[in-house]
Structures are given as structure tokens and as C-alpha cells.
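Good morning, and thank you for the opportunity to present. Please look at the sequence and the structure on the screen while I speak.

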Amino acid sequence: MKPLPWTDELQRVRDRVEGKIGVSFNSCLVNLYRNGADTVGWHADDEPELGDAPVIASVSLGVERDFVLRHKWQRDLKRTIALPHGSLLVMYPYTQHNWEHCLPRRAGIRECRVNLTFRTIRPLAP
């Protein structure tokens, strides 16, 4: 994956998100979910370059999809959040330490969804 420069549109969305939550971001991961068959499995955004306590802001565009959180140690503890078009979901520090998340398959969804995930990438020590 090769990073690309910020487009004017992405900069405008980033600026609105930063203004709303008071956190600055230097990276945006863009994911396209073509329909309800496209999914992302259980994971935590805990890559070393995100730091120890990342703040991650996720903007959903297009068809509504469910976002599911599952506690890492109490696996039966789950939360489902519907993410309609234009929604902003913010995962504050330590969410990634304690929770995993996924976007499950949804039969019958034929429309697409684009997810913009704003993050701060930090340089790793050599």
C-alpha cells in the first residue's frame, strides 16, 4: 500500500472531524465495502505505529452497516452500533487495548459503504 497525498475533499472531512473532537490526524485509511458480503473480521487497531493509546475516528458514507465491539477478555460482552450515512464513530484511548471490532456480513445489502478511518501514524524508533 502506497500512501497518497490528501485530496481537498478528505482534508475538509478531516478538518471537520478534528474540530468536532479536538484531535489531529495525519493519516486516513479508506475502505470500500461494495455490498453486504464485504466484511472485516475481528481485530484491534493496535499496530505499533499508532502508539500506545490511539484515538481513531471513523466516518461512514453510504449504506448503513453494523459495527460490533467485543471485549477481549469477556467475549460474551458485545455492543452493536448502527453506522448510518454521515455518522462519526470515535474510538478513544485504550479502546484498542480492551476491545476488538468487526464489520459483519449482512445479507441483502446491495449498496456500497465507504469508511474513512482517521489515525495518527507515529514514526517508529530505529
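I begin with a definition: a residue is called buried when its relative accessible area is under 20%, exposed when that area is over 50%, and partly exposed in between. Please also keep in mind that what you see is a predicted model.

My opening topic is salt bridges. How many salt bridges does the structure hold? The count is 7, and I shall discuss several of them.

Let us take R14. This residue forms a salt bridge with D15, and the closest N and O atoms of the pair are 3.8 Å apart. Is R14 buried or exposed? Its relative accessible area is 15%, and because the limit for buried is under 20%, R14 counts as buried. Its partner D15 has a relative accessibility of 43% and is therefore partly exposed. The pair also belongs to a network, in which salt bridges link R14, D15 and E18.

Next come D38 and R34. Their side chains meet in a salt bridge, with 2.8 Å from N to O. D38 counts as buried at 15% relative accessibility, whereas R34, at 55%, counts as exposed.

The next salt bridge joins the side chains of E100 and R75, at 2.9 Å from N to O. Where do these two residues lie? E100 is part of strand 7, which covers residues 99-103, while R75 sits in the loop between strand 4 (65-71) and strand 5 (78-83). The two residues are 25 apart in sequence, so their salt bridge ties together separate parts of the chain. E100 is buried, with a relative accessibility of 14%; R75 is partly exposed, with 43%.

Strand 7 brings me to the sheet. Which strands form this open sheet, and in what order? There are 4 of them, in the order 2-7-4-5, and their pairing is antiparallel. At the edges are strand 2 (40-43) and strand 5, each of which pairs on one side only. On average, neighbouring strands of the sheet are turned by 15° against each other, if direction is ignored.

Within the sheet, please look at strand 4 and strand 7. They pair in the antiparallel sense over 4 bridges. One pairing to look for is that of H71, whose bridge partner in strand 7 is W99.

Let us stay with strand 4 and turn to L69, which is found in that strand. With a relative accessible area of 13%, L69 is buried. Which residues are in contact with L69, if we set aside its neighbours within four places in sequence? They are W42, L77, K78, R79, I81, W99, E100 and H101. Among these contacts is E100, the residue that shares a salt bridge with R75. By way of a distance, L69 and T7 are 62 residues apart in sequence, and their C-alpha atoms are 31 Å apart in space.

I now move to T117, which has its place in strand 8, residues 113-119. T117 counts as buried, at 6% relative accessibility. Its side chain is joined to that of N115 by a polar contact of 2.6 Å. Leaving out neighbours within four places in sequence, T117 is in contact with S27, C28, L29, I56, A57 and S58.

One of those contacts, C28, is a cysteine, which leads to the next question. How many disulfides does the structure hold? The number is 0. C102 is in no disulfide, and the nearest cysteine sulfur, belonging to C112, is 20 Å away. Since a disulfide requires two cysteine sulfur atoms within 2.5 Å, that distance of 20 Å rules out such a bond for C102. C102 is buried, at 7% relative accessibility. C112 is likewise in no disulfide; for C112 the nearest cysteine sulfur is that of C28, 16 Å away. With a relative accessible area of 39%, C112 is partly exposed.

Finally, please find Y94, in the loop between strand 6 (88-91) and helix 2 (95-98). What is the phi angle of Y94? Phi is near 75°, which is a positive value in a residue other than glycine. Y94 is partly exposed, with a relative accessible area of 48%.

Thank you for your attention.

Terms used
Residues are numbered from 1 along each chain as its sequence is written. This is a predicted model: local features need pLDDT of at least 70, side-chain atom pairs count only at pLDDT 80 or more; totals for chains, interfaces and linings use all residues. Side-chain values use heavy atoms; hydrogens and water are left out. A salt bridge is a side-chain nitrogen of Lys or Arg within 4 Å of a carboxyl oxygen of Asp or Glu. Buried means under 20% relative accessible area, exposed over 50%, partly exposed in between (1.4 Å probe, protein chains only). Two strands pair if DSSP finds at least two bridges between them. Axes are lines fitted to C-alpha atoms, for helices over the stretch in contact, and angles run from 0 to 180 degrees between N-to-C directions. A polar contact is a pair of N or O atoms within 3.5 Å; within protein, one must be able to donate a hydrogen and the other to accept it, and residues adjacent in sequence count only if both atoms are side-chain atoms. Contact means heavy atoms within 4.5 Å.
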